[in-house]
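Work through the two exercises below with the structure open. Each task is followed by a solution in steps.

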Amino acid sequence: MPEAGLVLSGLTKRFEGHVAVRDLSLTVPQGSVLVLLGPSGSGKTTTLRLIAGFEKPDEGTVVVAGRDVTNLAPAQRRFGMVFQHYALFPHLDVAENVGFGLSDLSVEERKGRVAEALALVDLAGFEARQVTELSGGQQQRVAVARAVAPRPPVLLFDEPLSNLDPSLRERTRRELRDAIDTIGVTTVFVTHEQEEAFALGDVVAVLRDGVLEQMAPAPELYENPLTPFVATFVGRASVLRGVMVDAHRARVAPGVEWTVTSSHPIAPETPVLLAVRPEVVKLVLEGGMEGVVRECRYTGARSHFEVETATGMVEFEASAHEASVGDRVRLAAEAVFAFPEETS
């Protein structure tokens with residue numbers, strides 16, 4: 001088992017009676033990247049601030065490499081942090097920005113540490129550049145270099161890619177992951193974007209209303225969600241009501257049964273919520289669940305359809321010519337997720 005780089009135990013934070021984070025416990029192995037993923041108000045930024053020391057928990061502890069830092073001020077924790085707006089100093093050049101937190105080193109040591117940090121983010125030779133002359137992606141990498149220059153035990157990111165345009169964001173994301181791998185420091189990254197979470201995280205923690213819904217590598221979150229929220233927030237999924245027939249089938253309409261894949265043992269005749277991903281839904285000529293196509297969005301090679309059925313809307317993807325708005329169609333599906341209704 002790898003050594004724990006960061007351990008959160010029972011973290012709870014309240015603001016004027018509102019519980020922003022509730023009994024949060026998780027462990028991040030040394031050198032791994034944890035992504036906190038969730039919608040606005042899910043508690044991910046509050047969790048990051050609790051780790052950084054900007055907020056003090058009402059309950060619980062923060063332990064880094066075996067050291068309890070719960071009651072330490074942010075400066076005493078010596079974590080590296082990259083903010084959404086980078087917080088670079090426009091009147092300082094790149095070297096001065098990166099070396100800002102290295103005042104306890106000699107001039108030569110500081111110069112060497114700055115060069116080392118810039119090389120890690122592929123900006124070697126940029127020391128004398130003004131940060132106002134750099135692109136958004138380059139500024140983001142300067143912010144990372146500044147965060148890693150003091151060699152922190154933990155590196156924290158608060159949605160630092162949200163201000164970049166899509167093409168630059170994708171390239172910068174790859175460069176950022178390469179830099180983190182090279183540095184080998186325990187990292188926590190906050191985002192509300194699934195693609196970003198999947199690209200950057202070794203593990204992803206999905207939060208909702210301050211509660212940890214599931215923490216796992218990205219493929220497991222997508223292929224084995226433990227709650228209806230995770231199934232619908234991570235990827236796309238339609239949610240229908242049904243009844244379990246046996247361990248592997250659920251009835252979604254009279255005479256219509258769909259194959260279930262689920263880690264939950266659910267007794268027959270139990271009412272369930274079924275999460276159905278668009279890619280497992282197929283048009284069939286006979287049998288299946290009847291519905292009417294209400295929407296079609298052309299997306300290129302495939303089109304996205306929404307079908308109104310007696311038990312709810314179902315999304316699926318197909319070639320544009322396979323159906324049109326107003327068509328009455330029949331749908332079949334395999335490998336849907338089933339959850340007892342009380343887990344919703």
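**Exercise 1.** Determine which element gives the largest share of the lining of the largest pocket, and describe that lining in this predicted model.

*Solution.*
1. Helix H5 contributes three residues, the largest share of the lining.
2. H5 spans 136–148, and each of H5, helix H2 (74–77) and strand S6 (80–82) supplies at least two lining residues.
3. The space in the largest pocket comes to about 490 Å³. Its lining counts 17 residues, and those closest to the centre are Phe79, Gly80, Met81, Arg146 and Pro150.
4. Sorted by class, the lining holds 13 nonpolar, two polar and two charged residues.

**Exercise 2.** Give the strand order of the four-stranded open sheet, then place helix H1 relative to the sheet.

*Solution.*
1. The order is S2-S1-S4-S5, with antiparallel pairing.
2. Which strands are at the edges? Strand S2 (18–29) and strand S5 (67–68) are, since each pairs on one side only.
3. Inspect the pairing of strand S1 (residues 4–15) with strand S4 (residues 59–64): the two run antiparallel and are joined by five bridges. Across this pairing, Thr61 of S4 stands opposite Ser9.
4. Now add helix H1, residues 44–52, which packs on the sheet and touches S1, S2 and S4. The direction of H1 makes an angle of about 115° with that of S1.

Key: Residues numbered from 1 in each chain as written. Predicted model: local features only at pLDDT ≥ 70, side-chain atom pairs only at ≥ 80, totals over all residues. Heavy atoms only, no water. 1 Å grid on protein atoms, 1.4 Å probe; cavity = no way out; pocket = protein on both sides within 12 Å on 5 of 7 lines; lining within 4 Å. Points joined across faces, edges and corners; volume = space filled by probe spheres on them. Nonpolar A, V, L, I, M, F, W, Y, C, P; charged D, E, K, R; others polar. Pairing = 2+ DSSP bridges. Contact = heavy atoms within 4.5 Å. Axes fitted to C-alpha atoms, helices over the stretch in contact; angles between N-to-C directions.
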